[in-house]
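Colleague: Got a minute to walk me through this model? Let's start with a helix.

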2 protein chains.
Amino acid sequence: MADVARAAGVSGTTVSFVLNENSGQVISLETRQRVLDAVETLGYRRNYLARSLRTSHTATVGFVTDEIAIEPYAGATILGAHEAALAQGSLLVVVNAGRDIRTLRRSIDELLHRHVDSVILAILGTRRITVPDNTKSVPTVLLNGYVMGGLLPAVLPDETTGGRTAADMLFDVGHRSVAFLTGPTASWATRARLTGFRRAVAAHGLSLDDQTILHGDYRIDSGYDLTQLLIAHGRLPSAILCGNDRMATGVYLALSEAGARVPDDVSVVGYDDQPQLADSLHPALSTVRIPYYQMGRWAAEQLLAGDVQMLPPRTYLRCPPVPRSSVSPPRR
Amino acid sequence: MADVARAAGVSGTTVSFVLNENSGQVISLETRQRVLDAVETLGYRRNYLARSLRTSHTATVGFVTDEIAIEPYAGATILGAHEAALAQGSLLVVVNAGRDIRTLRRSIDELLHRHVDSVILAILGTRRITVPDNTKSVPTVLLNGYVMGGLLPAVLPDETTGGRTAADMLFDVGHRSVAFLTGPTASWATRARLTGFRRAVAAHGLSLDDQTILHGDYRIDSGYDLTQLLIAHGRLPSAILCGNDRMATGVYLALSEAGARVPDDVSVVGYDDQPQLADSLHPALSTVRIPYYQMGRWAAEQLLAGDVQMLPPRTYLRCPPVPRSSVSPPRR
DNA sequence: CTGTTAGCGCCTTCAG
DNA sequence: CTGAAGGCGCTAACAG
């Protein structure tokens, strides 16, 4: 910086002022240009470390997550947050934490120790969590998780409307009796989607008694098993609504094994819009997308905008329908 | 730190020395203990920023990757690198970059600007890449990519042996004629696995003419289409070797649609051991694992150990077989 | 074995 | 509108 100052014939202070445009100082246009030119020709880059030491903020946002490894969605979330951060000149630092509160706490500590400006706490499956108390010392937003009391603002997928949307994809084209192969009720997402499903049933003037609701565990083979069960009981409906795209894959498998065609014999709707799965199944799976990218982006943007305190306890982002080729009107 | 020094009745220097055990200084046991106690009771944490400013190393390793969003494997790689880094007290900073060299360059610049100590350049699909020249100014290792001239050391999956392993899972139990549904030859992995396949054929004293090799594009529907092709030509073999687990999923679908059972009628082997897919297909898919976690771990470990210069240009990590339930001996 | 001293590169009050 | 001076918290010669 001294070099730049010398080259521009000004003091280091002046250089600092022009580099921090927002410093409240007014620098003559001519001087500013001289400095900028010097910066340019010398290829000068401000030293972040020194700057951070002085200002004690680091232009980094921490991203803590459990189980990044297994979820295909984690990537989308990170990408969203990453892009939002970069756009503001910040960098995203990703840290993996276990599911238990102790390692979570330790990971956040690690981040705090590195002086991150804010943190995104991303949870894999939507659920209520207990956050370590050290989140208090830095602006934090929760992603896909929530806490009681709304102490920390959270972004969540709007699963209730999502469930409604998924069901509507079937009811809207005339199905009147479907099987909903969902996940365990222990999961918040399952319950929310069920609520949405019930609303769709009601909105279409149908009876819940005509619908079959079966609980699985969101794995491929669970979709497979449940469909076989349906077949064994001679209760194969004209349409199957799946808890997620993986279960839908199992449904496809069981259906084709039984000689039933999608969508001619049975319509199928998934949930998640899992990359490289939903779009490339045969036929391509109609589904509902969880807005992971948008959630990541939203979280980073709020943090960077400051004043996370002002946020509502929970913000729900819409799960849009992704119609493809696995739905058709029922045969009559 | 001054507080600690005061509490321990020593100078700041002494505190610094005991905190940097490796500083070459010898501190009396008693003094060290006094300092450590003071640190403990005061809850003192060294300021990384100041330390980094002084030492100009930051205990962070940068992880640059293209397209983290879509690959389910990216997570495993990041996790491996992350854990190795944490074990040494370093943090992993993940940055997303596009596929073109300009944004790649910019991302690395960003990292350099943040004074990372080293960088891992992770490429999605194994391929030859052109690296920006700024990789020269920091220890770098390539993951899943390689450069001509071996200027940068690379870790790669041993796809040749992997292809051999996959084929052996079929030939070893007695299959003599299989269909290999692979990817486009433009891909390095495809070519390597093909080589492995040929070696397996030769090693088992079989003829390549008895094998069918079909090229797809690694998508689910490509496995589906190719299998239908096989069936249409009346050339369904006793076993199908798939380019990846997703193609195997398509194969499952086409097979069950045709009334053929896995593995009773046709044995199927995948590749990748994709989480939440291979293990939960029905029946569970026998496959070969790409050691993403290990590759990430290896890269971080080498970087942290220093002297990346000494590494061979390419290090291949083994792809182990993961036998499950989709293979059985051929019917006679 | 321990303390003194001089910065690392930047920002920021306070005077001009 | 610009400059001088002090310090963020730590490390590393260099003395003792």
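Modeller: Sure. α11(B) is mostly covered, with 10 of its 14 residues buried. Buried takes 20 or more other C-beta atoms, placed from the backbone, within 10 Å of a residue's own. Helices are DSSP runs of H or I, at least four residues, and strands are runs of E, at least two, numbered from the N terminus.

Colleague: Which residues are buried in α11(B)?

Modeller: Among them are B:Tyr292, B:Tyr293, B:Trp298 and B:Leu303. Just after α11(B), B:Gly306 has a positive phi of about 85°.

Colleague: Any caveats?

Modeller: This is a predicted model: local features need pLDDT of at least 70, side-chain atom pairs need 80 or more, and totals for chains, interfaces and linings use all residues. Residues are numbered from 1 along each chain as its sequence is written, with chains lettered from A and ligands numbered from 1 in written order.

Colleague: Switching to DNA strand C. Which residues come nearest?

Modeller: A:Met1, A:Asn47, A:Ala50, B:Val26 and B:Thr31, of 26 around the strand. Near means a C-beta atom, placed from the backbone, within 6 Å.

Colleague: Which helix gives the most to that surface?

Modeller: α4(A), with 5 residues.

Colleague: And the chain pairing: how many residues of chain B are in contact with chain A?

Modeller: 43 residues of chain B are in contact with 43 of chain A. Contact means C-beta atoms, placed from the backbone, within 7 Å. On chain B's side, α10(B) gives the largest share, 7 residues.

Note on methods:
Contact = placed C-beta atoms within 7 Å. Buried ≥ 20, exposed ≤ 12 C-beta atoms within 10 Å, placed from the backbone.
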